[in-house]
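Reader: I am new to this structure and would love a close look at a single part of it. Could you walk me through the sheet?

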Amino acid sequence: MQRGDGWVIGIVLFIGVSLLLWRYLPSRSQRVLLVQQDQRLIQRYELKADQKSTFRVPLSEGWATIETQQGAVRLREHTEGICPREICKHTGWIRRDGESIICIPRRLVISIVQKEKRVDGIAR
């Protein structure tokens, strides 16, 4: 091992652990659950880390049962006939901003977004 190898290994480990913490620590921003069908908003629900709830969303054909728990969202296992192949239910829990559950046959999109809008460096 060369003299500077210890420093390089230490820096790489520090960056790796920092990225893991950033990825898996909960977001402090207020988040909103958006439920859309055919590109129109059906329901808007404010997510809270300490709240657990289950609600049904009416669709053009039947209902979708959505569960929220500790700021995470999922399509319930017993959702009644919403998707023939049930691929959307296997997505599991979504927790982070920008994550979505999509059911293509029913054109249903369940997504998490930040409540406040942020302006990026490119916007004018």
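Author: Happy to; here is the sheet, with a little of its setting. This is a predicted model, in which local features need pLDDT of at least 70, side-chain atom pairs count only at pLDDT 80 or more, and totals for chains, interfaces and linings use all residues. Residues are numbered from 1 along each chain as its sequence is written, and side-chain values use heavy atoms, with hydrogens and water left out.

The chain has one helix and seven strands; helices (H or I, at least four residues) and strands (E, at least two) are DSSP runs, numbered from the N terminus. Starting at that end, the elements follow the order α-β-β-β-β-β-β-β.

Now to the sheet itself. Three strands make up an open sheet in the order 3-4-5, and their pairing is antiparallel; two strands pair if DSSP finds at least two bridges between them. At the edges are strand 3 (52-59) and strand 5 (72-75), each of which pairs on one side only. From one strand to the next, the twist averages 25 degrees, using axes that are lines fitted to C-alpha atoms and angles that run from 0 to 180 degrees between N-to-C directions.

Let's look at one pairing. Strand 3 is joined to strand 4 (residues 62-69) by eight bridges, and the two run antiparallel. Leu59 has Gly62 in strand 4 as its bridge partner. In general, strands of a sheet pair through backbone hydrogen bonds, either parallel or antiparallel.
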